[in-house]
Structure formats: C-alpha cells, structure tokens
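Biologist: Hi! Could you walk me through this structure?
Modeller: Happy to, let's put it on the screen.

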Amino acid sequence: MNVAVIGGGGREHALVRKFAESRKVDRIFAIPGNAGMSDVAEVIHGVTENDFEAIAGVCLENEVEWVVVGPEAPLTEGIVDCLEDEYGIRVFGPRKKEAQMESSKAFTKELMEKYDIPTAKFARFGDHDAARAYIESHGAPIVLKKDGLAAGKGVVVAMDMDQALAGLDELMDEDGSPIVIEEFLEGEEFSLMVLVNGEYTHSFEMIAQDHKRAFDGDTGPNTGGMGAYAPVSHIDEAHRTEAIEKIIKPVTKGMVEEGLDYFGILYLGAIVTAEGVKVIEFNARFGDPEAQILLSMMEDDLGEVLEKVHRKEPFELSFKPGCMVGVMLASRGYPKSYQKEKYVEFDTIRENCYISGLRQDMEGLYMTSGGRVLLVTGYGETVEQAVKTAYENVGQVKFEEGDLFFRKDIAHRAL
C-alpha cells in the first residue's frame, strides 16, 4: 500500500522511517516532509500541512491508501473531516471534534470531570481579573495553561506568586483568550501512547519520559520537548496498568458515550502522585520527541499495526531490549525568539538523528529553520550506556558555538 505522512518534523521523520521498514508499504509520501526524509520517502515540497485540497490531490494521484497525520494543528483544523468526507481518503488521526482532546484544555477537563478521571483540580477563565483573584486565593505552586494549542509552550508552572502573576500576563492575551488554571501535582511524569478506535484501545507496552523544561534541572520555560528516553524502568508496570484501567478505558468509554468516534493516537501525559496516577494532559497525536524513541524501539510492522487497529483486532507490540535516549538540539533563545539559518553538520551520525527544524541550502548543507532543530539518539543495553552514547553522538554534531543549546541531563531521573 501507499502511505502519506503529514508533517515535517522529527516525529514525522520517525514515522516515515518506520513505514519504510514495513512489508505492507510500497511508497511513502512526506507532505511537506523535511530535508532528512528523502532517503526513505518521496518528499512533496511546496504543499503545506494545512493545504488540505493540495494534500488530497497528491493522495488521489498517487493512490494513497492511508494518510497518517503527525502534527496537532491540521487535526484541529479538520484535515481528517476534509480528506475522508470530501475525497474518501482513509486517515489515521482524529476528526476536528475529537481532536478537542488536545485543542481545548477546558473540553478535556470537563470530560474528565464528568467521567471521574483522576486529574488536577481546575478552573477556566476568560477574564484577567477573575483569573488573578483565583490565583491569589489559591496561592502557588500553581499551573497555568492556554486553553488552545500552543505547541507545548503555552504552559507556566509557577512555583511562587510572582511567576504565577507574570504567567497570567503572558498567557492571557489582550483579546481575553481563555486559560485553564490547575492545581500543581507533585510526582514522576510519564508518556503513554494509545492506539484508539472508538472504545477499542491498545496501549503501548512501553512508556517514555520526556523533558519539557528548557534547561538542566527541569528549569526554565516549557518547550515542545528537549529530550526523551524509554523504557522508564523506575516507574513500574503497575502504574502503566493503573493508567489503562483508571484513565484510558474510562475516558475512551466516556468519549463514545458523548458521541465522539476517536480514531488515531491518544497521548496520555500522566503523573504518579501520592494519590495514584493522574492525567496532566491528553494530546491527539504521537508525542515529539517520544515518537522518535518509541518507534525506534518498536519491532513490529507499523503498516500491519495500522490495519489491525482499523479492524479492531487484538495484538501485542514488541520492543527491543535495552534503552534509547534522545537529546534535542535547539536554536539559542528557544522557546522565545531565535535566529535561523545557522549551519549544522551531522553526517557521521545521520542514522542516529531525527530532523526537527533544518533545511538545506543550494549546496545541500543543513541550516536551522526552527526552534527545535535535531534529536540526537543513543542506544545501549542499560540507560547509563544509552545516555553515554547519546551524548557522544551529540559531540559529533558541528555548529558554531552559541548557535544551539541542549540539556545535559536527559534521563537523569533514571540514573
């Protein structure tokens, strides 16, 4: 079969590489793809991920049987509704209504409240003064989130009142864009990817742990993700099972009862608290950079997995032994403003890298084009070996001093 992967980041790079291993897949189209995908996919330049009609044209012309949507933005804007309803193209990814599990924090929180899904207490505000009064009455630490999409950056974890009030000013725009304010939860976080088709679910047998804060020691602003690793051996299997039984099963059942028909990946960002596992967030797609790690570790044929989920068949996923660690290199200044078009060279370790924000110049040299630039991975029999290999590989990436930065403590919780 022919497959199209929508998106141009590291997550999509991992998806096209994984589909390239599939016995089921003949041709892969990356729309718009990135500079690193051309060895495993046909990169469709000039078609953006939000140009649904042009995407449909590419798919129809090339007899694409499955479209897999990587990023959250086209899902939120209704790419699945458009491709399926107007063109009859099968898509793995939730429709616009179901994608509210990520695009609206308030929608998801209200669903969890109705179906008794364990999560942080919350309140939604569209008025700055009311939000400020709530913060002042509850105190810090406290968490503030934009209600809509923010590419992983619309979150302020405020440990004191100054940070909370500054975060309120930062997140609540002058036009009164709503925010959700939550209680601060203490504990170990983990990421669980779940394949969903209505009330049918298959949770990945391996969890990952990502690193949201920009700087070492989990300090600095939230980002789209500065690194990840799997498996997470210090969070035991009982917690993954608890997440499935107390969160995944009831939330998917609740969605069905609400008239939702979710089909795609449901990403659970969970936290192990003293009261048990609770929800931090849901996303309507693979995590990035968790996808790069988990898909690299997964031994199964992704084309076959897709078909089994579509048919609601039971199966088990297998993952290779050992551990994989990924370290994200980012443009200096990210997640705030940053400069682009800085040269990066990584030819010697290309197979260990996933491109997030690079393009090629006229001579084929790589230049930065985004905030998060390159995920560099390392594999080992133990987490210690994987960390060592990952950072040795990072050391082989060449760039001008000061152009890029990266965290030096990825996987520190497991060490």
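Modeller: One term before we start: a residue is called buried when its relative accessible area is under 20%, exposed when it is over 50%, and partly exposed in between. Also keep in mind that this is a predicted model.
Biologist: Good. Are Trp 66 and Phe 263 buried or exposed?
Modeller: Both Trp 66 and Phe 263 are buried.
Biologist: How many aromatic pairs are there?
Modeller: The count is 9 aromatic pairs. One of them joins Trp 66 and Phe 263, with 6.1 Å between the ring centres and 40 degrees between the planes, a tilted arrangement.
Biologist: And which parts of the chain does that pair tie together?
Modeller: Trp 66 belongs to strand β4 (residues 64-69) and Phe 263 to strand β16 (residues 263-273), so the pair ties together parts that are 197 residues apart in sequence.
Biologist: What about the rings of Tyr 334 and Tyr 338, how do they sit?
Modeller: Their centres are 6.5 Å apart and their planes are at 65 degrees, so that pair is edge-to-face. Tyr 334 counts as buried, at 6% relative accessibility, while Tyr 338 is partly exposed at 30%.
Biologist: Which rings link into a cluster?
Modeller: Ring pairs join Trp 66, Phe 92 and Phe 263 into a cluster.
Biologist: Nice. Which lysines lie over the face of a ring?
Modeller: Lys 320 lies over the face of Tyr 379, at 4.8 Å from the ring centre. Lys 408 is placed over the face of Phe 406, and there the distance to the ring centre is 4.9 Å.
Biologist: Switching topic to cysteines. How many disulfides does the structure hold?
Modeller: It holds 0 disulfides.
Biologist: Why is there no bond for Cys 82?
Modeller: The closest cysteine sulfur to that of Cys 82 is in Cys 59, and at 11 Å it is too far for a bond. Cys 82 is also buried, at 7% relative accessibility.
Biologist: And where is the nearest cysteine sulfur to Cys 323?
Modeller: That one is in Cys 353, 17 Å away, and Cys 323 is in no disulfide. Cys 323 is buried too, with a relative accessible area of 3%.
Biologist: Back to Cys 82 for a second. Which residues of its helix, α4, are buried?
Modeller: In helix α4 (residues 79-87), the buried residues are Ile 79, Val 80, Cys 82 and Leu 83. Their cover includes β1 (2-7), α2 (52-61), β4, α3 (72-76) and β5 (91-92). Just after α4 comes Gly 88, which takes a positive phi of about 65 degrees.
Biologist: Now helix α1. How many of its residues are buried?
Modeller: Helix α1 (residues 10-20) has 10 of its 11 residues buried, so it is mostly covered, given the cut-off of under 20%. Among the buried ones are Arg 11, Glu 12, His 13 and Arg 17.
Biologist: At what angle do α1 and α11 pack?
Modeller: Helix α11 (residues 302-311) packs on α1 at an angle of about 95 degrees, with the axes 7 Å apart. The two helices are therefore roughly perpendicular to each other. On the α1 side the contact uses Leu 15, Lys 18 and Phe 19, and on the α11 side Leu 302, Gly 303 and Leu 306.
Biologist: Where is Gly 9 found?
Modeller: Gly 9 is in the loop between β1 and α1. At 11% relative accessibility, Gly 9 counts as buried. Leaving out residues up to four places away in sequence, Gly 9 touches Asn 34, Met 37, Ile 355 and Ser 356.
Biologist: Last bit: what does Asn 197 touch?
Modeller: Beyond residues up to four places away in sequence, Asn 197 touches Tyr 262, Phe 263, Val 309, His 310 and Lys 312. Asn 197 is in strand β10 (residues 188-197), and it is buried, with a relative accessible area of 9%. Asn 197 and Phe 92 are 105 residues apart in sequence, yet 9.7 Å apart in space, C-alpha to C-alpha.
Biologist: And Ala 270, which strand does it lie in?
Modeller: Ala 270 lies in strand β16. Ala 270 counts as buried, at 0% relative accessibility. Its contacts, again leaving out residues up to four places away in sequence, are Glu 188, Glu 189, Phe 190, Val 277, Lys 278 and Ile 280.

Technical notes
Residues numbered from 1 in each chain as written. Predicted model: local features only at pLDDT ≥ 70, side-chain atom pairs only at ≥ 80, totals over all residues. Heavy atoms only, no water. Phe/Tyr/Trp six-rings, centres within 6.5 Å; stacked < 30°, edge-to-face > 60°. Helix = DSSP H or I, 4+ residues; strand = E, 2+ residues; numbered from the N terminus. Buried < 20%, exposed > 50% of the residue type's maximum accessible area, 1.4 Å probe, protein only. Lys NZ or Arg CZ within 6 Å of the ring centre and 35° of its normal. Disulfide = S-S within 2.5 Å. Axes fitted to C-alpha atoms, helices over the stretch in contact; angles between N-to-C directions. Parallel < 35°, antiparallel > 145°, perpendicular 65-115°, else oblique. Contact = heavy atoms within 4.5 Å.
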